[in-house]
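Let's take a walk through this fold, going from one empty space to another by way of the helices around them. Keep the viewer open as you read.

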Amino acid sequence: MYKESNITFKGINKLAIPAIISGIAEPLLSITDTAIVGNINLNPTEALAAVGIAGSFISALVWILAQTRSAISAIVSKYLGAKKLDEIATLPAQIIAINLSLSIFIYIVTLFFVNQIFQLYNAEGLILNYAVDYYKIRALGFPLTLFVFSAFGVFRGLQNTFWPMVISIVGAILNVILDIVLVYGVEGFIDPMNVVGAAWASVIAQAVMALLALILLLKKTPFSYKLKFPFNKEIKNLLLISFNLIIRAIALNVALYLANSYATKYGNQYIAAQTIAFQIWLFFAFFIDGYASVGNIVSGKLLGEKNYPKLWELSGRLSKYSIIVALILTALCGIFYTQIGVVFSKEQEVLDAFYNIFWIVLLMQPINAVAFVFDGIFKGLAEAVTLRNLLLVATFLGFVPTLLIGDYFNLKLYAIWMAFTVWMLLRSGILVVKFKRKYLYKNT
């Protein structure tokens, strides 16, 4: 358990390091697909672009549907702090059942409109065909991913990031091995499956992670996972928090959709370069998000204890540590600037487009660090309305106007990453000001 006296470097990192490792599992699945698919022998640029488009849409759906993870974590940690876990004994099983039902419904609906969906991203020809083939298989993992995320929410609410880390490590290693075997094939045993192989690798890895999550939930948590009615008294609050976070996630994914749509419009080499840049940005985001997870995990517990001085201390320490991590990541990528691109593609046009904007991705990282930390804290405090309104403002008054102005001046990928920078500046700045106004006075 995480004790309130552990708002220290050691105490925070005891939760943060496992959270970082578990948090990068999902983007690692996508980044592995990107790197391996980008180096196939047949149509690598088109394959890379297709995986980028389909992966972006899948990530959008996962982020939207997975918002209950933060809601579960916030409620469980609050009841843990108040020493009343018995009052929510039936809640985890109920929300897991809701998540599974919703994810299956979404999969079936999107399957009927998959061609039209990717045409909205300006995909056509070979890119469209690859994207559709990849999605039809990879999306089988929706229910599996949602189940795993729900399990992570329960564990995090109980101040435990160790078991999510174990599950994530197993899934990530398995995915890398299967990617290599299925995409490239094994001579004499398995024919190369190219893009389809990458999709199957992710689904199999997700299935193994879901099985591990089920076993550990049954053995390592105090809850019963037999579905019982009536609904728990907190189900309405949890769904309300989740609904606001879903609206937030939709606004977030408007930005991601526009970025990929405009990049596809600019040409194959641009969407391929955008795919590489965004996968790296996403990997960094989830890496830094380990400290945001601590904010999500601990702030709810401190709120339950009404321990505002420790809450204020937590925000300062998490900000400092996450900025340090962001600067280290930026420095490492600066050192290996050209080598990183070659990992994903050997096409010079793609690499040139990528190198032109990669420096913007790196300079954003300290800004991202602050935004993600306070995002995690506000999730832990169940401030879903604040987070919803912030993303609406940042997306429609920040990202969209900047992108449209940049596109008007034909800045292409520069316009997209300038828009992302403005987006993150608004997300970080507004949350810092709001947190200071609300909790600084309670601390004095």
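Start with the largest pocket, which holds about 330 Å³ of space in what is a predicted model. Its lining counts 14 residues, and the ones nearest the centre are Phe57, Ala60, Leu61, Ile64 and Ile250. Which helices each supply at least two residues of that lining? They are α3, α5 (91-112) and α11. Helix α3 gives the largest share, with five residues. Chemically, the lining of this pocket is 13 nonpolar residues and one polar one, with no charged residue at all.

Two of those pocket helices also pack on each other, so let's look at the pair. Two packed helices are described by the angle between their axes and the distance between the axes. Helix α3 spans residues 44-65 and helix α11 spans residues 235-266; their axes sit 9 Å apart, at an angle of about 175°. Because of that angle, α3 runs roughly antiparallel to α11. On the α3 side, the contact is built from Gly52, Ile53, Ser56, Ala60, Trp63 and Ile64. Facing them from α11 are Ile246, Ala249, Ile250, Leu252, Asn253, Leu256, Asn260 and Thr264. Sort these by class and you get nine nonpolar and five polar residues, with no charged ones. If Ala60, Ile64 and Ile250 look familiar, it's from the pocket, where they are among the residues nearest the centre.

Stay on α11 and charge does turn up. Side chains of opposite charge can pair when their charged atoms come close. The structure has six salt bridges, and one of them, formed by aspartate 375 and arginine 248, has its closest N and O atoms 2.5 Å apart. Arginine 248 belongs to helix α11 and aspartate 375 to helix α16 (residues 365-380), so this pair ties together parts that lie 127 residues apart in sequence.

Aspartate 375 also leads us to the next empty space. A search of the whole structure turns up four cavities of 30 Å³ or more, and the largest has a volume of about 450 Å³. Its lining is made of 25 residues, with Arg69, Phe286, Asp289, Asp375 and Lys379 nearest the centre. At least two lining residues come from each of α4 (67-81), α8 (142-157), α11, α12 (268-305), α16 and α18 (413-443). Which helix gives the most? That's α12, with eight residues. Here the lining divides into 13 nonpolar, five polar and seven charged residues, whereas the lining of the largest pocket has no charged residue.

Before you close the viewer, check a couple of backbone details in the loops. Between α10 (194-220) and α11, the loop contains proline 230. The peptide bond that leads into proline 230 from phenylalanine 229 is cis, with omega near 5°. The other spot is lysine 83, found in the loop between α4 and α5. Phi of lysine 83 is near 60°, a positive value in a residue other than glycine.

Conventions
Residues are numbered from 1 along each chain as its sequence is written. This is a predicted model: local features need pLDDT of at least 70, side-chain atom pairs count only at pLDDT 80 or more; totals for chains, interfaces and linings use all residues. Side-chain values use heavy atoms; hydrogens and water are left out. Axes are lines fitted to C-alpha atoms, for helices over the stretch in contact, and angles run from 0 to 180 degrees between N-to-C directions. Helices (H or I, at least four residues) and strands (E, at least two) are DSSP runs, numbered from the N terminus. Angles under 35 degrees count as roughly parallel, over 145 as roughly antiparallel, 65 to 115 as roughly perpendicular and the rest as oblique. Contact means heavy atoms within 4.5 Å. Ala, Val, Leu, Ile, Met, Phe, Trp, Tyr, Cys and Pro count as nonpolar, Asp, Glu, Lys and Arg as charged, and the others, Gly among them, as polar. On a 1 Å grid over the protein atoms alone, a cavity is a set of points where a 1.4 Å probe fits but cannot get out, and a pocket is an open set with protein on both sides within 12 Å along at least five of seven lines; lining residues have an atom within 4 Å of a point. Grid points are joined across faces, edges and corners, and a volume is the space filled by probe spheres set on the points. A salt bridge is a side-chain nitrogen of Lys or Arg within 4 Å of a carboxyl oxygen of Asp or Glu.
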